Amino acid sequence: MLDPKRQCLCPFWGIVPFGGLRTGQVFGILLRVTAHTKSISAPRPPRLGERLRQLRVAAGLTQSDLAGDRFSKEYISQIERGKTRPTVETIDWLALRLGVDAGYLASGVSSDERAKAEAMLARADALTQEQRFPEAVEEYRRALSSVLATGSQELQVRALAGEATALAHGEPRAALDLLTQARAIAEGESFSDIDRADILFRLGMCRYLLSSISTAINLFSEALALGERSGLPSDRLRLDVFSWRSRCYRRQRDYEAAREDVEHALELAEAMHDPRALGEAYFQASVLAERDGHWVLARTYAEKAKTQYEILAEQSNVARLHNNLGGLEFLLGRPDEAIAHLKQAFAFALEVGREHDAATAVSSLAQVHLRTGDAPKAEEQARHALSILDGREDLLDEIGNARLVLGRALLEQDRLDEADTALAEAEDAFARMSSTSHRAAAWIAQGDLATRRGDDQRAAVLYRRAAEALQDFRF
């Protein structure tokens, strides 16, 4: 709910880099090569009926012998010729008569082989859930041969979707490539609408991280509708959709819609008694309360969220909450407490290898120093944050904020040309996010710069632009 130090981030291969190919492209190529090899270079694996005949003959049994008193010889013949598909119970019975693994008879893959692939994917999924992305990547990489050996489309989709989630916060475009492949496979009859809705949700998450907010909202809403139409239990999916869609609505400044989604997410999380779900819901509620100026309430929600993540021992999320609590303490006029929280956020983030969270904490510290009058220290920390965030197109908000702080720090030191460049870069990052409220903050800073230069006319234009954006009316 999206960081590794990247070599080749595809979880299915060894450490050797694949030239300039994106991870998703590499996995897609390997799947296509595998399919091509199976269809042209290698003989087609026997179907269930052919496998049954081979095993029967090897056991020295006639069709009548195998049928016994339970089935007719003709029924066994129909299975072997592919004219009928036996039930799971029948496959189990035939496997027992032949002394073979039922999984092998059904699919050509033993239950042990499938169990091995499922166990590796389960471990990778758990590591991703805990945001231990580098380890998840390695586990997915080790799982490749086992997944492909099963021939299971279900496991292929699970592997593709899992890898995409591990990649989303670092390489969202590569994640989109994988999810596009997963979506195509999931159109098959063996998949449910919940499976398809889950892929739509993950696509929406990637689109959000790429700042395609309207597209993300459409995908989240489609996932929600598909899940509800399925009639199958989908509380976890609905909670995730509400949580992520609320972020989209915040970016669009539709705070009422964001609040409704957060309330739905909180209701679901409390009913599920899931600490991780509660932590995320409380966090989103804190963000909205902060936006409404209810800083004490926002701090209460943030502390509740931190408690849930401490129960789970998820240091990366604890770090994220320390960062938010630092900002709230500063807003409440407690700069010393704010700095203490932000230093803890930085330490926790480094401890678990979450460099971009460490950069966020440094950027927040820069803001505190700027607002308490230490412009040189603010400049130093803003530049430090930007050096860590370099190249992270999924973190444009943090990059823009750090550039904004840098620009204001330079402005306070009367380094106007440097400030002009930094503020223009901040405005550009916010423009790529399609966030008007963030751009308004950059326009106000640029207006302050124009005022410092004595260009009152340009300052007025910038202030007016910011006011129109923030208040939704024209002078």
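A residue counts as buried when its relative accessible area is under 20%, exposed when over 50%, and partly exposed in between. The model used in these exercises is predicted.

**Exercise 1. The whole chain**

Find what share of the protein chain is buried, and describe its secondary structure and surface.

*Solution.*
- Start with burial. The protein chain has 475 residues, and 50% of them count as buried.
- Turn to secondary structure. There are 24 helices and zero strands.
- Finish with the surface. The accessible surface of the protein chain comes to about 22,200 Å². Carbon and sulfur atoms account for 49% of that area.

**Exercise 2. Helix 8**

Work out how the span of helix 8 compares with expectation, then locate its kink.

*Solution.*
- Set the limits. Helix 8 covers residues 133-150, which is 18 residues.
- Compare spans. From first C-alpha to last, helix 8 reaches 25 Å, close to the 26 Å expected at 1.5 Å a residue.
- Look for the bend. A kink of about 45° is centred on Ala143.
- Check burial at the kink. Ala143 is among the buried residues of helix 8, which also include Phe133, Tyr140, Arg141 and Leu148.
- Step past the end. Just after helix 8, Gly151 has a positive phi of about 65°.

**Exercise 3. Phe346 and His369**

Classify Phe346 and His369 by exposure, and list their contacts beyond four places in sequence.

*Solution.*
- Place Phe346. This residue sits in helix 18, residues 335-351.
- Classify Phe346. Its relative accessible area is 24%, so Phe346 is partly exposed.
- List the contacts. Phe346 touches Ala358, Ala361, Val362 and His384.
- Add a backbone distance. Phe346 and Thr360 are 14 residues apart along the chain, with their C-alpha atoms 8.2 Å apart.
- Place His369. This residue belongs to helix 19, residues 355-371.
- Classify His369. Its relative accessible area is 15%, so His369 is buried.
- List the contacts. His369 meets Ile339, Asp374, Ala375, Lys377, Ala378 and Gln381.

**Exercise 4. Cysteines**

Decide whether Cys206 and Cys248 are buried or exposed, and state how many disulfides the structure holds.

*Solution.*
- Take Cys206. Its relative accessibility is 1%, so Cys206 is buried.
- Take Cys248. Its relative accessible area is 0%, so Cys248 is buried.
- Recall the bond. A disulfide joins the sulfur atoms of two cysteines covalently.
- Apply the cut-off. A pair of cysteine sulfur atoms must lie within 2.5 Å.
- Count. A search of the whole structure finds zero disulfides.

Technical notes:
Residues are numbered from 1 along each chain as its sequence is written. This is a predicted model: local features need pLDDT of at least 70, side-chain atom pairs count only at pLDDT 80 or more; totals for chains, interfaces and linings use all residues. Side-chain values use heavy atoms; hydrogens and water are left out. Helices (H or I, at least four residues) and strands (E, at least two) are DSSP runs, numbered from the N terminus. Buried means under 20% relative accessible area, exposed over 50%, partly exposed in between (1.4 Å probe, protein chains only). Contact means heavy atoms within 4.5 Å. The expected span of a helix is 1.5 Å times one less than its number of residues. The bend at a residue is the angle between axes fitted to the seven residues ending there and the seven starting there. Accessible areas come from the Shrake-Rupley method with a 1.4 Å probe; for residues, only the protein chains shown count as cover.
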